[in-house]
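User: I would like to know how the terms used for a structure follow from its values. Please go through some of them with me.

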Amino acid sequence: MENLYQIKRICCVGAGYVGGPTMAVIADNCPEIEINVVDRNVERIKSWNSKDLSKLPVFEKGLSEIISRTRDKNLFFNTQIDFAIENADMIFISVNTPIKSIGLGAGQTSDLKWVESCARQISIKAKGHTIVVEKSTLPVRTAKTIKDILFASEDQLAVNNKKTFSVLSNPEFLAEGSAISDLEEPDRILIGGEDSKSIDTLAAIYCKWVPLEKIIKTNLWSSELSKLTSNAFLAQRISSINSISAICEASGADVYEVANAVGKDSRIGAKFLKPGPGFGGSCFKKDILNLVYLCNFFGLKEVANFWESIVNINQWQQDRIYKKIVESLFGNISGKKIAILGFAFKAGTNDTRESPAITISRNLLIEGAELAIHDPKVQSEQIASSLEYGYEIKESDSQDLITNERRWRFYKDIYKAAEDSHALIIITEWNEYRELDWEKISKKMYKPSWVFDTRGILDKSNIQKYGIKIWQLGDGSGND
Ligand code: NAD
Ligand code: UGA
């Protein structure tokens, strides 16, 4: 232990889906360390401090229990960013890194303005030796930008020897919906860096609950690239099986039977072979696009095209589902009520970022449908901002946009959402959708009534027996 820095206080900048749960688990396992999770979003911090634990900004199984054990003991959520930075021995940068919307690299690479502003704030406010940890997922060589900003301020004060920094990359691999178990029992902890004393100091924190053999130490660039590569590989499996789902529908095969047979090969494995409406979430698309950008930057055009095709298939999958719905409803959905069951990008989370529900819903709205949207965890305000944010307003169709906004409604009751609808689309695999009363639903829907099951979670025969037509992703049995 003698060759480690002493860590009494940690600051985490960014109280989002990663910062909040990650720091909660560290606080739970390291009661001797004081952790301040800071954010400039006042409302978010208020929610983290909410007495009613059902109002935490992030919904994750097991999170509220940890928060109730640690909050205001050694875990604090506040907006005093400067103060927390000044007093920290270690600072995690956990801010958002979405794809740039304007300027150079727009639509292709991450917008690093939040990371940069965070680094600048740290460079000004930090005192003594500070270990700065990249927790956000960042394009390869971002650590260089952070180091340049931090070390510039180090140089200015070198005479007084007031502040020094070391920069580590410690990407997060948690998945939403299983964040707490992923954090408590991770497959691996990856720490990239150049200064072994700082690497060992961070490793010692994780060692409080993670077996030593799961801690991987690499150089900075390998760590950054491993994170992008892990997400790209996972997303690639989904796009692969989704492409096969279309062949199944055309050929008479069943994608679940194919996925099961393929996944039984221990060299391939069964995980991430579930077909669906396309991957969503804030990271897969963003991280692959970053990889594509990097490949192009290094002149590796063929490699860039390979990875880009994973994102293209994902978009194609979402589009073909919406087209299937329109075709099945006689090519016309104008004025027809369609129920959307599930708006989160996957079950177990209230996050809607890049949810396939957004693209599918927008396309249905453009075709003139009226949507009845249900989700057990997503709030209607969140749906409103997902559907309307980033919506392209062209001068000529601004009227349409206004109508679109009014043409969807949020329902708390699934059966009311189904009332007078022509079709019902399962987009998120929530458990409550597996156990619906189809007899009751069949009496409420227009005839012919359609169900589109994009997650393959429904029992087809149980639906057909009430006279409802059903389309299931990757089910080619209709070809027999
Ligand atoms: P998020 O949007 O939920 O949270 C980021 C927070 O940072 C926001 O609350 C924002 O207000 C705050 N913030 C931004 N700039 C700030 C600044 N200068 N000072 C103070 N606060 C600031 O994002 P997230 O989902 O937690 O993702 C964070 C990073 O982690 C991203 O790089 C993402 O790619 C990566 N990641 C996310 C997940 C996931 O499941 N969501 C998993 C692994 C890695
Ligand atoms: C993913 C990775 O799994 C995490 O390891 C990573 O840390 C995280 O991205 C990140 O960097 O943000 P997450 O997006 O939260 O986690 O959730 P996943 O379980 O990976 O699901 C992503 C999307 O793929 C969802 O829309 C899900 O429905 C879809 N999916 C997943 C499938 O369609 N099929 C599958 O077999 C698995």
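Analyst: A nitrogen atom of ligand 1 lies 3.4 Å from a polar backbone atom of R40. This is a predicted model, in which local features need pLDDT of at least 70, side-chain atom pairs count only at pLDDT 80 or more, and totals for chains, interfaces and linings use all residues. Residues are numbered from 1 along each chain as its sequence is written, chains are lettered from A and ligands numbered from 1 in the order in which they are written, and side-chain values use heavy atoms, with hydrogens and water left out.

User: What makes the pair of R40 and ligand 1 a polar contact?

Analyst: A polar contact is a pair of N or O atoms within 3.5 Å; within protein, one must be able to donate a hydrogen and the other to accept it, and residues adjacent in sequence count only if both atoms are side-chain atoms. The R40 pair, at 3.4 Å, therefore qualifies. So does the side chain of T97, with a polar atom 2.6 Å from an oxygen atom of ligand 1.

User: How do you know how much of ligand 1 is covered?

Analyst: On its own, ligand 1 has 830 Å² of accessible area, and the protein covers 93% of this. Accessible areas come from the Shrake-Rupley method with a 1.4 Å probe; for residues, only the protein chains shown count as cover.

User: Which residues come nearest to ligand 2?

Analyst: They are F173, L174, E176, C283 and K346, out of 19 residues around ligand 2. A residue is near a molecule or strand if one of its heavy atoms lies within 4 Å of it.

User: How do the residues of the shell around ligand 2 divide by class?

Analyst: There are 11 nonpolar, two polar and six charged residues. Ala, Val, Leu, Ile, Met, Phe, Trp, Tyr, Cys and Pro count as nonpolar, Asp, Glu, Lys and Arg as charged, and the others, Gly among them, as polar.

User: Which atoms of ligand 2 pair with F345 and R455?

Analyst: An oxygen atom of ligand 2 is 2.9 Å from a polar backbone atom of F345. For R455, an N or O atom of the side chain is 2.8 Å from an oxygen atom of ligand 2. Taken alone, ligand 2 exposes 700 Å², of which the protein buries 89%.

User: Which helix gives the most to the shell around ligand 2?

Analyst: That is α9, with four residues. Helices (H or I, at least four residues) and strands (E, at least two) are DSSP runs, numbered from the N terminus.
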